[in-house]
Amino acid sequence: MNLFNETNNWKEKLTPLINQYKGKKHPLNYQSPYQLLVMVMLSAQDSDANINKIAPELFLYFPNIEALADSNPESLYPFISKVKNFGNKANWLIETAKTIKENKNIPIDIDNLIALKGIGRKSANVILRETSQKAQGIITDLHVIRVAPRIGLTDDSKDGIKIEKQLMKVLPTEIWNEIGMAISFLGRETCRPTNPKCNQCIIQKDCQYPFKTL
């Protein structure tokens with residue numbers, strides 16, 4: 001049973017999922033768009049929990065874009081040394097800060113966001129959603145990449161760009177801003193990599209995964 005190749009009213013089927021997580025804040029514990037930008041960049045290939053742990057001291061010393069722009073990569077090392085790929089990320093943060101110059105200049109459109117070093121489409125979509133901008137894509141993190149094919153929304157692929165394109169093709173634009181994060185939360189809490197809690201899933205009856213496991 002391949003739901004991806006069938007005609008589906010996905011907006012109706014996914015509404016319970018969207019309603020369950022609508023407006024729920026991203027797990028990164030940011031307090032401003034500036035902090036969100038920095039934490040999203042640091043979280044690539046790392047865990048939200050780790051970034052939340054190191055962030056308070058980092059922002060105590062670098063409270064805004066201006067402070068970062070006046071600094072250098074080496075000055076960041078003591079604060080982010082426990083972050084994966086911290087050397088490159090320090091370079092990206094400083095370069096981005098020097099490009100933006102002030103907090104008020106943080107981009108609010110996907111093209112200008114992905115033009116920044118260290119910001120890809122996934123990160124840009126997170127920033128747009130968390131700052132209440134109009135969606136220009138769909139958040140496609142590791143959880144979405146795993147869960148979307150299980151549901152039957154996309155092909156089974158590890159390519160986030162491919163998964164996002166397929167999601168944008170089959171889902172109406174009016175749910176783009178919430179559906180990616182909703183699927184991500186579903187993957188974090190219910191649709192786990194192993195032993196998913198299918199009997200607790202709010203969209204179980206419309207999900208392809210149970211059929212794969214029969």
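Is Glu 189 buried, partly exposed or exposed? In this predicted model, Glu 189 has a relative accessibility of 34%, so it counts as partly exposed. Glu 189 forms a salt bridge with Lys 24, and the closest N and O atoms lie 2.9 Å apart. Because Glu 189 sits in helix H11 and Lys 24 in the loop between H1 and helix H2, the pair ties together parts that are 165 residues apart in sequence. Lys 24 is likewise partly exposed, at 35%.

Allow me to turn to helix H1. This helix covers residues 10–21 and reaches 16 Å from its first C-alpha to its last. Its buried residues are Trp 10, Leu 14, Leu 17, Ile 18 and Tyr 21. Seen down the axis, the buried residues fall within an arc of 105 degrees, so they line one face of the helix. They pack against helices H8, H9, H10 and H11. On the other side of H1, Glu 12 and Asn 19 are exposed.

Helix H1 also contributes Lys 11, which forms a salt bridge with Glu 174 at 3.2 Å between the closest N and O atoms. Glu 174 lies in the loop between H10 and H11, 163 residues from Lys 11. Glu 174 counts as exposed, at 52% relative accessibility, whereas Lys 11 is partly exposed, at 37%.

I close with a pair between helices. Arg 129 and Glu 178 meet in a salt bridge of 2.9 Å, N to O. Arg 129 belongs to helix H8 and Glu 178 to helix H11. Arg 129 is buried, at 7%, and Glu 178 is buried too, at 18%. In total, the structure holds nine salt bridges.

Methods. Residues are numbered from 1 along each chain as its sequence is written. This is a predicted model: local features need pLDDT of at least 70, side-chain atom pairs count only at pLDDT 80 or more; totals for chains, interfaces and linings use all residues. Side-chain values use heavy atoms; hydrogens and water are left out. Helices (H or I, at least four residues) and strands (E, at least two) are DSSP runs, numbered from the N terminus. The expected span of a helix is 1.5 Å times one less than its number of residues. Buried means under 20% relative accessible area, exposed over 50%, partly exposed in between (1.4 Å probe, protein chains only). The arc is that of the directions from the helix axis to the C-beta atoms. Contact means heavy atoms within 4.5 Å. A salt bridge is a side-chain nitrogen of Lys or Arg within 4 Å of a carboxyl oxygen of Asp or Glu.
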